[in-house]
Amino acid sequence: MNYSLANINGVNIFFRECGDKDKPAFLLLHGFPSSSHMFRNLMPLLEEKFHVIAPDYVGFGQSGAPSVEVFEYTFDHLADYTQSLLRALGIEKYYMYVFDYGAPIGFRLAVRNPESILGIVSQNGNIYECGLGERWATRKIYWENPTAELRLFLQSTYAPETIIREYMSGQPLGNISPDGYSLDIYYTYRDGYSDIQDSLILDYRTNVAMYPQFQEYVKTYKPKLLAIWGKNDESFRPAGAEAYKEDDPNAEVILLDAGHFALETNYERIASEILKFFAD
């Protein structure tokens, strides 16, 4: 495993990398409030067949986190920087694994450059209204009327107890290592973290607005797509996984007995399914 920094438009982007660069590229896109650390167990299982790259977005993990006064924290902008990283690495075609925030970032890349996408793994990476769980109701109210009171209320999204619950929910007791959520909690104490995440929580409304575009990409290009989903996820319901099959005959859906962070306990199964589905 290699750990590197790439300077993209003056911001250092941290990324993990493994596997032969002559093999097909596989881009792993993390979610909220995580980082590329979530792929620590998966990457070694994929490197025999793929050149695997897992970046931290601007404002996340070990990447630079300029203040909201000098950097626009939107999903469009995070996608721009991810795309620029791929160009800097000379990667033109790639598979991608999208999880949580990684879905609207990854599907933006797919819409912009559909010819670049070799295949998609969506692990609780939602692009359908039917996949939104009940907790999104408050966020929709906030998007329509972003009051200071609701902004303060939604900061509970990245409170330590919420992060731990997100990891533990839907998982068998005793199966979750504290490593993942402990690191996520550590990053929440960085200067400016609240402002960054508050900006992205508000901007998430643009992702839902773009769902029809993401779905049109799936319908039009019919990528080889594996939706492997923690079915007990309270944020993104299994209906979001099943919806891929309605739009794409090349999609396969696998529902795991897990929650939002299904990769924490199912990385061997997920790796096996990826290799079976995509590797020659």
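Select helix H4 (residues 136–144) together with helix H8 (residues 193–221), and look at the place where Trp 136, Tyr 142 and Trp 143 in H4 meet Ile 201, Leu 202, Tyr 204, Arg 205 and Val 208 in H8. Sorted by class, the residues of this contact of H4 with H8 are seven nonpolar, no polar and one charged. What you have open is a predicted model, and everything on this tour should be read with that in mind.

With H4 and H8 still selected, turn the view until both axes can be followed: they come within 9 Å and cross at roughly 95°. An angle from 65 to 115 degrees counts as roughly perpendicular, and that makes H4 roughly perpendicular to H8.

Next, select helix H2 (residues 75–88) and helix H3 (residues 102–112), whose axes come within 9 Å and cross at roughly 65°. H2 and H3 are therefore roughly perpendicular to each other, and their crossing is right-handed. To see what fills this contact, show the side chains of Phe 75, Asp 76, Leu 78, Ala 79, Asp 80, Thr 82, Gln 83 and Leu 86 in H2, which meet Pro 104, Ile 105, Arg 108, Leu 109 and Arg 112 in H3. The residues of the contact of H2 with H3 divide into seven nonpolar, two polar and four charged.

Stay for a moment with Gln 83, which lies in helix H2. Is Gln 83 buried or exposed? Its relative accessibility is 12%, and because buried means under 20%, Gln 83 counts as buried. Setting aside its neighbours within four places in sequence, Gln 83 is in contact with Leu 109, Arg 112 and Asn 113.

Now move to the strands and colour the open sheet of eight, which has the order E1-E2-E4-E3-E5-E6-E7-E8 and mixed pairing. At its edges you will find strand E1 (2–8) and strand E8 (251–256), each of which pairs on one side only. Neighbouring strands of this sheet are turned by 20° against each other on average, direction ignored.

Within the sheet, select strand E5 (residues 94–98), which pairs with strand E6 (residues 117–122) in the parallel sense over five bridges. E3 and E5 also pair in the parallel sense, over five bridges. Val 98 is a useful residue to label here, since Val 98 stands opposite Ser 122 in E6, and Val 98 in E5 is also the bridge partner of Leu 29.

How many of the residues of E5 are buried? Five of its five residues are, and the strand is mostly covered. If you show the side chains of E5, Tyr 94, Met 96 and Val 98 point one way, while Tyr 95 and Tyr 97 point the other way, and all are buried.

Finally, add helix H10 (residues 263–278) to the view of the sheet. Which strands does H10 lie across? The helix lies across strand E3 (25–29), E5, E6, strand E7 (225–230) and E8, and H10 runs at about 165° to E7.

Terms used. Residues numbered from 1 in each chain as written. Predicted model: local features only at pLDDT ≥ 70, side-chain atom pairs only at ≥ 80, totals over all residues. Heavy atoms only, no water. Pairing = 2+ DSSP bridges. Helix = DSSP H or I, 4+ residues; strand = E, 2+ residues; numbered from the N terminus. Axes fitted to C-alpha atoms, helices over the stretch in contact; angles between N-to-C directions. Contact = heavy atoms within 4.5 Å. Parallel < 35°, antiparallel > 145°, perpendicular 65-115°, else oblique. Left-handed = near helix turned anticlockwise from the far one by under 90°. Nonpolar A, V, L, I, M, F, W, Y, C, P; charged D, E, K, R; others polar. Buried < 20%, exposed > 50% of the residue type's maximum accessible area, 1.4 Å probe, protein only.
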